[in-house]
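Reader: I'd like a close look at one part of this model, with the cut-offs spelled out. Here is what I have open.

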Amino acid sequence: MITVIGESLVDIISDPRRPGEVQAHSGGSPLNVAVGVARLGLAATLVTHYAADPYGDMIEGHLNTNGVTAIIGGSAPTSTATATLGSDGAATYAFDISWDINGAALPALAAVQDSNHVHTGSIAAVLGPGEQATLGLLEAARERATTSFDPNCRPAICPDAAVARTKAERFVAVSDVVKASEEDLAWLYPHRTPEESLAAWLQLGPALVALTRGASGPVILARRGRVEMAAKPVTVADTVGAGDSFMAALISGLDQLAALGAGARDRLHSLSHDELHALAAYANGAAAITCSRPGANPPTSAELGRLSVPLRTPLGH
């Protein structure tokens with residue numbers, strides 16, 4: 001079982017060029033990851049917050065449709081992110097977001113202790129009061145589960161990069177797998193390259209760290225090596241949710257490599273170069289499929305297929 005901890009929200013898109021036409025979609029990076037792993041065949045639970053209101057009903061329907069079990073805490077209205085498009089199509093965002101999972105402590109703890117892997121990130125790692133509960137759950141998970149983190153930085157929520165950096169490093173230190181984008185690391189560490197920051201994070205404890213670079217493709221850095229590849233060629237509809245699909249496929253790929261769960265940490269730390277390359281290709285493929293269609297719409301296992309590690313023929317045969 002995979003447990004994801006983090007925010008659910010509704011993205012509301014308003015285009016002044018089309019008065020009266022407002023689009024609303026379920027979103028939030030952790031929600032997208034939970035849906036992504038469920039579509040790839042894993043049992044997924046999302047520890048989150050949404051209310052019994054129309055937007056909460058939308059989120060609940062989306063989770064139910066994708067087979068994600070929700071554990072709900074908090075008491076505020078359902079969070080929203082409103083994007084207003086300008087005449088050039090660029091968006092400006094206004095957030096109405098709270099992050100609190102009070103009242104869900106016991107079922108959330110039971111879920112992480114019954115899981116093979118626990119993932120968190122984004123707003124859930126920086127916004128109080130829920131950020132402390134999120135960190136506590138990730139720490140509690142480590143006895144039985146592997147853990148992962150994606151900062152998915154939102155400067156509009158936590159505008160102080162120094163504060164966000166300190167919080168991110170606390171989560172990196174209790175994570176086995178970390179994924180970040182070039183934009184995340186450039187904002188958190190403006191005085192060094194993203195790859196230098198990736199290497200610094202690896203020294204904090206994770207077995208592997210992944211960097212997404214848009215059209216340049218991903219990099220995965222582990223203690224036993226480094227792999228990189230270009231993005232898969234695709235006609236891009238938009239990039240919404242691509243990083244979350246990459247993260248979900250990374251988790252699924254590690255499951256297929258039998259590298260999830262506390263008992264598999266040695267396995268996770270000893271993945272071969274070929275296995276790391278196959279993992280990067282698998283997650284890269286998931287992101288490409290998501291980019292090829294509008295919105296955060298991650299692939300199913302039927303669309304993505306299985307992770308494939310090439311078999312090497314011994315010399316002399």
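In what sense do strand β10 and strand β11 pair, and over how many bridges? Please carry on from there into the charged side chains.

Author: Sure. Ground rules: this is a predicted model, so local features need pLDDT of at least 70 and side-chain atom pairs count only at pLDDT 80 or more, while totals for chains, interfaces and linings use all residues. Residues are numbered from 1 along each chain as its sequence is written, and side-chain values use heavy atoms, with hydrogens and water left out.

Now your strands: β10 (residues 177–181) and β11 (residues 208–212) run parallel, joined over 5 bridges. Helices (H or I, at least four residues) and strands (E, at least two) are DSSP runs numbered from the N terminus, and two strands pair if DSSP finds at least two bridges between them. Within this pair, valine 178 sits opposite valine 209 of β11.

Helix α8 (residues 242–256) packs on the sheet and touches β1, β8, β9, β10, β11 and β12 (219–222). Contact here is heavy atoms within 4.5 Å. The direction of α8 makes about 160° with that of β10; axes are lines fitted to C-alpha atoms, for helices over the stretch in contact, and angles run from 0 to 180 degrees between N-to-C directions.

Zooming out, the open sheet has 9 strands in the order β5-β4-β1-β8-β9-β10-β11-β12-β13, with mixed pairing. β5 (68–72) and β13 (225–228) are at the edges with a single partner strand each, so one side of each has no neighbour in the sheet.

On to the charges. The whole structure has 9 salt bridges, meaning a side-chain nitrogen of Lys or Arg within 4 Å of a carboxyl oxygen of Asp or Glu. One of them joins aspartate 176 to arginine 265, with the closest N and O atoms 2.8 Å apart. Aspartate 176 is in the loop between α5 (161–173) and β10, and arginine 265 is in helix α9 (residues 265–269), 89 residues apart. Both residues are buried, i.e. under 20% relative accessible area, with exposed being over 50% and partly exposed in between (1.4 Å probe, protein chains only).

Back at the sheet edge, arginine 226 forms a salt bridge with glutamate 195, closest N and O atoms 2.6 Å apart. Arginine 226 is in strand β13 and glutamate 195 in helix α7 (residues 194–202), 31 residues apart. Arginine 226 is partly exposed at 34% relative accessibility, and glutamate 195 is partly exposed at 28%.
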